[in-house]
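Thank you all for making time this morning. I would like to take you through one model, and I will ask you to keep the sequence and the structure in view while I talk.

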Amino acid sequence: MRRLERSCNEFPLSYILVNNDDQLIGYCYIDRLLDDEQSVIIESVCVQRMSRGTGYGKILMKLVEDELHQKEPKIKCIYLTTTDKRHFYEKCGYEETTPRVRLNISSKLFNGNEEVFKNLLASQKQTAPDSHVILQKGSSVQRIATVWMKKRI
Ligand SMILES: CC(C)(COP(=O)(O)OP(=O)(O)OC[C@H]1O[C@@H](n2cnc3c(N)ncnc32)[C@H](O)[C@@H]1OP(=O)(O)O)[C@@H](O)C(=O)NCCC(=O)NCCS
């Protein structure tokens, strides 16, 4: 497993999984959550279409978790969201959890205004975050439930 060259030791981090022939097999992206220093969110987990169903997804998740555990001892929990891959993540040891506000540290929203957002969050009673994504196909619009999942590492 290698980190993408453009990625560095600071979050957000991108990881790629390559096979022994240096072929790209999988990818994922990890970012910190602004309001929780002990947690990260994993996003864009993807295995090449031809390589799916052969265990690479599980390997990718395990390698990333091991790497975080070793190199980022402060991180205790990994969060993710999914609409339709809940069973895959359950096989990887993730459990459904209460939806939370998705505040990635790299969000362009912040741009140096992190303190403002932290204060805003602290001062507001949190309303239930939107746990749906909108899928538009042609003229029909569908709301799909987003499931939040987490795993302690
Ligand atoms: C989701 C994805 C990463 C899984 O990778 P994969 O290499 O196919 O998964 P694995 O072969 O490692 O499967 C691990 C386990 O999960 C199960 N699993 C995998 N995909 C599943 C699915 N869609 N539904 C139910 N179970 C699934 C497998 O049966 C296997 O179970 P086992 O441990 O009992 O044998 C891959 O299908 C993918 O890239 N999909 C497209 C992108 C995507 O949807 N990403 C998730 C965004 S939330």
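Before I point at any residue, one word on vocabulary: when I say helix or strand, I mean a DSSP run, with at least four residues for a helix (H or I) and at least two for a strand (E), numbered from the N terminus. In that sense, Leu33 belongs to strand β3, which covers residues 24–33.

Please bear in mind that this is a predicted model. The mean pLDDT of the protein is 84, with 75% of the residues reaching 70 or more. Confidence is highest in α2, at 98, and lowest in strand β1, residues 2–3, where the mean is 52.

As for the overall layout, the protein has three helices and nine strands, and read from the N terminus on their order is β-β-β-β-α-β-α-β-α-β-β-β. Of the contacts with a separation of 6 or more, 57% are between residues 24 or more positions apart. Buried residues account for 16% of the 153 residues.

Let me now set two residues side by side, beginning again with Leu33. Is Leu33 buried or exposed, or does it lie in between? Leu33 counts as partly exposed because it has 19 C-beta neighbours inside 10 Å, and a residue needs 20 or more to be called buried. Its C-alpha atom is separated by 9.2 Å from that of Tyr79, which is 46 residues away along the chain.

Ile42, which sits in strand β4, has 24 C-beta neighbours inside 10 Å and therefore counts as buried. Which residues does Ile42 touch, once those up to four places away in sequence are set aside? They are Cys28, Ile30, Val64, Ile78 and Leu80. Between the C-alpha atoms of Ile42 and Thr81, which are 39 residues apart along the chain, the separation is 8.2 Å.

Strand β4 also brings us to the ligand, since β4 (36–47), together with α1 (56–71) and α2 (86–91), is among the elements that each supply at least two residues of the shell around the ligand. There are 15 residues around the ligand, and those that come nearest are Arg52, Gly57, Lys58, His87 and Lys91. How many residues of this shell are nonpolar, how many polar and how many charged? The shell divides into five nonpolar, six polar and four charged residues.

I will stop there, and I am glad to go back to any of these residues on the screen.

Definitions and conventions: Residues numbered from 1 in each chain as written. Predicted model: local features only at pLDDT ≥ 70, side-chain atom pairs only at ≥ 80, totals over all residues. Near = placed C-beta within 6 Å. Nonpolar A, V, L, I, M, F, W, Y, C, P; charged D, E, K, R; others polar. Buried ≥ 20, exposed ≤ 12 C-beta atoms within 10 Å, placed from the backbone. Contact = placed C-beta atoms within 7 Å. pLDDT = per-residue confidence, 0-100.
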